[in-house]
Amino acid sequence: MHTFHQLMTLLKREYGKPSPPPAKGPFELVMWENACYLLPDDRRLDVFEALRRQVGLNAESILSAPDEVLLPIARRGGIRPEVRVSRWREIAATTLNEFAGNLDVVLTRPYAEARKALKQFPMIGDPGAEKILLFCGLASGLPVDSNGLRVLERVGWGRQQKSYAATYRAVQAALKPELPSNSDRLVEAHLLLREHGKTLCKYQVPLCDQCPLAAGCKYAAGETFRRQI
Ligand code: SF4
């Protein structure tokens, strides 16, 4: 099996240096997560940048924007735009009421408190909160999305458990001794694993014959039970 460092070297050779999302700071990153649901990144970017241009990416502007402005933008993010608008207003109201309009204050809190604070927002669970903190330079382990988790579990970190949450914990525990401490490298790892899960290590049929990780991958060697996550 590859070391984590080898894994990252191979993925970087395959995909190049990944670009982080354009969202900066906790508030924008929460809005980024809520810009659309299960759509490609280019659609998410379209909604996010329309919000920035037409409304302003701050709590006051979003809360005071009328439906006539927010709904057409939300429609660009897929079905149920009313739900999205409601979530944007909830994010803005919580930021104003709980954080005096400045969500950056969570970055001054101890890690566990900061994660708990971010989980107040819609669509943000533990992995999402940890990812936001990572993009803001605060790292504790390597937060991964479902794509990254699938890659790591198939390659051989951790074993699949009965639930997604238990598999997530198992993979995190297995990874821990090998993780870099530098948050920039962790951001890069998060993005590369996500890209690999979307591009080659696909959910239904992984393209192992094209994969640069195949020589050190337990799934490709048939050593792991082939159930999907
Ligand atoms: S060899 Fe196959 S299962 Fe392993 S990481 Fe590559 S695509 Fe995924």
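A residue is called buried here if 20 or more other C-beta atoms lie within 10 Å of its own, and exposed if 12 or fewer do. With that in hand, here are some close-ups of this predicted model.

**View 1. Helix α10 and its buried face.** In α10, the buried residues are Tyr168, Val171 and Gln172. Look down the axis of α10 and those buried residues fall within an arc of 100°, so they line one face of the helix. The cover over them includes α8 (126-135) and α9 (146-155). The length of α10 works out too: its 12 residues (164-175) should span 16 Å at 1.5 Å a residue, and the end C-alpha atoms are indeed 16 Å apart.

**View 2. Helix α5, one side in and one side out.** Which residues of α5 (residues 67-75) are buried? They are Leu70, Ile73 and Ala74. Seen down the axis of α5, they sit within an arc of 100°, so they line one face of the helix. Glu68 and Pro72, on the other side of α5, are exposed. Among the elements that cover the buried residues of α5 are α3 (41-54) and α6 (81-99).

**View 3. Cys36 and its surroundings.** Here we zoom in on the loop between α2 (25-33) and α3, where Cys36 is found. Is Cys36 buried or exposed? Cys36 has 22 other C-beta atoms within 10 Å, so it counts as buried. Setting aside neighbours within four places in sequence, Cys36 is in contact with Arg43, Arg44, Val47, Gly77 and Gly78. Phe48 is 12 residues away from Cys36 along the chain, and the C-alpha atoms of the two are separated by 8.8 Å.

**View 4. Two loop residues with a positive phi.** Most residues other than glycine have a negative phi. Ala100 is not a glycine, yet it has a positive phi of about 50°. You'll find Ala100 in the loop between α6 and α7 (111-118). Ala100 counts as exposed because it has 10 C-beta neighbours inside 10 Å. Now slide along to the loop between α7 and α8, home of Met123. Met123 has a positive phi as well, of about 70°, and is not a glycine either. How many C-beta neighbours does Met123 have inside 10 Å? There are 12, so Met123 counts as exposed.

**View 5. Where the two domains touch.** The domain assignment splits the protein into domain 1 (4-17 + 144-216) and domain 2 (25-135). Their C-alpha centres lie 27 Å apart. At the contact, six residues of domain 1 meet four residues of domain 2. Which helix gives the most to the side of domain 1 that touches domain 2? That would be α11 (residues 183-199), with four residues. By type, the residues on this side of domain 1 divide into three nonpolar, two polar and one charged.

**View 6. The shell around the ligand.** There are 14 residues around the ligand, and those that come nearest are Cys201, Cys208, Cys211, Cys217 and Ala220. What sort of residues make up this shell? The count is 13 nonpolar, no polar and one charged.

Terms used. Residues numbered from 1 in each chain as written. Predicted model: local features only at pLDDT ≥ 70, side-chain atom pairs only at ≥ 80, totals over all residues. Expected span 1.5 Å × (residues − 1). Arc of directions from axis to C-beta. Contact = placed C-beta atoms within 7 Å. Domains from an automatic or database assignment. Nonpolar A, V, L, I, M, F, W, Y, C, P; charged D, E, K, R; others polar. Near = placed C-beta within 6 Å.
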